[in-house]
Every structure is written in structure tokens, then in C-alpha cells.
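Reader: Please show me the model, and then let me put some questions about its metal site, cores and helix packing.

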Amino acid sequence: MDRRTRVLEKVSDQSFVRSLNKASIVDLIRQAPGGISRAELAESLDVSRTTVSAIVNDLLAEHLVLERGAGPSRGGRRPIVLEINPDAGRVVGVDLGASHLTVLVADLNGHVLVAAEEPLEIAAGPEPCLRATEALVADTLARAGSHWEAVRALGVAVPGPVIAEHGLVSAPPIMPGWDGYPIRAELAARWQRPTSLDNDADLGALGEWTFGAGQGANHLAYIKIGTGIGCGLLLDGRIYRGVLGTAGEIGHVTVAEGGPPCTCGNYGCLEAVAGGRAIAQRADLAVKAGQRTRLVQKAALEPLTTAAVAQAALEGDVVAQQLLADAGRHIGSALASLINLLNPDRIVLGGGVTKAGSYLLEPLQQAIEDHAMRPSRQAVQVVLAQLGRRSVAMGAVAQALAQTFQQAVTRPPG
Ligand SMILES: [Zn+2]
């Protein structure tokens, strides 16, 4: 007997039972790509058709759901199927990154109508960043031909540890000036719409799980290998946040005792050894140490980046190849620990550094092979993210959709 069934038996509050059933029906309709009939809903939930019909009528009256007469027949008349009405509103996903701002306007199926991106320095602090966010959201909605009245909810991602309950970040290493600032309350006051705030890696996990390479997984870890290294965990299909909301900081696992200093104040963290910033710093050191490498010419033109190291590796530069292999091995052995601890079924690798390709990814896979225990290793698929630069912003869209339907199902009847 599953948990929902037990709940239904124990509670006598009819409106609560109705709200639970409504939430389940909305979930099933959203998850059925070709639509789902009333009979299938009743069967899946083990409730009467009368109960299903009453709730579906509410959803039809709210225009959140549409009827379509094209379901696959089971021998008799083709049943009418129910689908989400994509045009019953709009949702907005916002990704406030370390150095970029991305805004997506989507319909209620999560299809992106208009996307916008511009440079932004998160280190400039809350005032200018939130003003820029507000302006880009208004501009993107206008380009999508949408009015504010159509917006049902907004989801926002930030690159710091989010205390979800309070809608703020606590001691964020790369967000100076944001510590304790009431981000969610401030944005919700400006927008007058339900607004959520989450960590970027958590939303990357949710984005890939809902729309990308994580679809169908039950226990997923999304690893964002960029300037730093972040990780979002989705266990049993829910974002796992820990007590405060700071779970998943794999970038700050110590991998080299007495190693290089990290942005978090510690030494030898994975991020300080194998993140994008660390790869560029190590490349710089190799040049300064007088090693024979193409990086010398590249460093003369502009400050070295992971992309420049990856390019040199492709051109056959052994020093660059070695730098990427070292980073890949460190990340892979940290992932082996994560696999041993959590036994996930999918690991999704995202972030700009994954573009370095096989010079990084093959040693990473090899380290997982070498260090993860066999049953857990055999149970996990390690794949590349499918949504590219949009994993996080699509997670913000998914969170806004969840809020939209949650609100719809808990709204008092009448
Ligand atoms: Zn650290």
C-alpha cells in the first residue's frame, strides 16, 4: 500500500482528500504525453469515475485542462483524453549566473516561447542585479507578446547556497553583498506573483530531469563543471536540500590535503583542484614554469581559460592534455564517492568545462570505473546534459510550473 492510499484512509477532511486527488490528477495529466482519459485516471488512482469527473470539471472550468477526442481506442469508441492547456498562462524561468542573466518565457507545457541572455556580474550586488533582472523579464515578456496578467509564476536560480524556507542565500562565496538579502521577498513584491528561489545546481538537476538527459531517472545527480563545481541532487524525484538547503556541495569535498586555497576559505577542495578556474590557474603555472607548451603563445594574447586549454589539447599539446586529464581524474574519483554513498541511477554532467570533451571525460569515466563499487557502478548511467546552457533556466521553468499547478490545486473551491 503506498503512502497516498494510507493518507486517504486516515483523513476524514473531505476538502483535503479532494485537494490531494486533484494534485495527483494534475500530475498524471502533465506526465501523459498523448493525453489521458478519465477512465485511465480513475484506474491509476484507484478512485471512482465520479470523483475523477468532479475534479476534472473544476480543472476544465479553470481552463487549465483541455479535452481532445483522439485517445487510442481499446476496441470501442475512442475516449476523450485530457491535456494541459498550454495557453492558460505563462511561466518565467530566470537564471542569475556568476556572469550571465538568462530569462525564458514558457507556456504551461514548458515550451520556451522567447529566450534572452545578457552579461551580468553577480558580484555587483543585489540592487543592480535585481533591477537588471526585472528589466529583462519585462522585455522578454513583451517580446513573447505576453501581458503580466498571463504570468502564473516565476522561478529564479542563483549561484549560492539557498536557504529555501527564507528565500535568501547564506554566506555565498561568489555573491558578495547578497548574504541574508531577502531576494525572493524582494522579487515577489516587485512582480506580485508566486516566486521561488533555488540554487542553480539544484535547478540544473530539476531541468535535466524534467526536460533533458535525466528523464525517467529516480535518483539523479547533476554536476555542473564550470568556473566552480556544483551539484544538484534529485532523490526519489524530489530536490534533496538537506537541513538548510546546502546539500550537494561536492565542489568543496577535500581531495588534496594541503592543496590550493578555495573560494570557500578551505584548502584542497575539488573545485580548487579541478574546476574551470583551477584548470586555467594550473595552465598559467605551467607557462610560468617554462614548460614546452602551445599555452605560452595563447597566454601572450589573453588570460588563459579552460577553453584555451581545451583548444591546445585538441591541437595535440601534451601539457594541456595532461591538465585536463588530471582534472577529469579528480572529478571522477569524487563522483565515485558520490556513487558509493547515494547509489544514483543517473549522473548528468553539465557546465562549460564538459566542452573540453574526451581529454577530460575519458579519465573521469576511468576514475569512476576504478573507484566506485561494482553494484553501484553498474546501476548508474553517466551522461552529458542535453539542455546545454539552459539546464538551470529550464529547471526554473519547471519550478514555476510546479508552483502554478500547486496553486491551482490548493485554491479553495468556488
Ligand atoms: Zn572549497
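The questions below go through the zinc site, the nonpolar cores and one helix pair.

Author: This is a predicted model, in which local features need pLDDT of at least 70 and side-chain atom pairs count only at pLDDT 80 or more, while totals for chains, interfaces and linings use all residues. Residues are numbered from 1 along each chain as its sequence is written, and side-chain values use heavy atoms, with hydrogens and water left out.

Reader: Which geometry does the site of the zinc ion have?

Author: Donors are N, O and S atoms within 2.8 Å of the metal (3.2 Å for Na, K and Ca); water is not among the atoms, so sites may look incomplete. The protein donors here are His252 (ND1), Cys262 (SG), Cys264 (SG) and Cys269 (SG), lying 2.0 to 2.3 Å from the zinc ion. Four donors count as tetrahedral if all angles lie between 85 and 135 degrees. The angles among the four donor atoms are 102 to 124 degrees, and the site is tetrahedral.

Reader: Is cysteine 269 buried or exposed?

Author: Buried means under 20% relative accessible area, exposed over 50%, and partly exposed in between (1.4 Å probe, protein chains only). Histidine 252, at 24% relative accessibility, counts as partly exposed. Cysteine 269 has 0% relative accessibility and therefore counts as buried.

Reader: Which element gives the largest share of the largest nonpolar core?

Author: A nonpolar core is a set of buried Ala, Val, Leu, Ile, Met, Phe, Trp, Tyr and Cys residues joined through side-chain atoms within 4.5 Å. The largest one has 41 residues, and Ile223, Leu295 and Ile331 are among those with the most contacts inside it. Elements giving two or more residues to this core include β11 (219–225), α9 (276–288) and α12 (318–342); helices (H or I, at least four residues) and strands (E, at least two) are DSSP runs, numbered from the N terminus. The largest share, 11 residues, comes from α12.

Reader: Which residues does isoleucine 331 touch?

Author: Contact means heavy atoms within 4.5 Å. Leaving out residues up to four places away in sequence, isoleucine 331 touches Ile225, Ile229, Leu270, Ala274 and Leu364.

Reader: At what angle do α9 and α12 pack?

Author: Ile279, Arg282, Ala283 and Ala286 in α9 meet Val319, Leu323, Leu324, Asp326 and Ala327 in α12. Axes are lines fitted to C-alpha atoms, for helices over the stretch in contact, and angles run from 0 to 180 degrees between N-to-C directions. The axes of α9 and α12 are 10 Å apart, and the angle is about 145 degrees.

Methods:
Four donors count as tetrahedral if all angles lie between 85 and 135 degrees; four count as square planar and six as octahedral if opposite donors are over 155 degrees apart and all others between 65 and 115; anything else is irregular.
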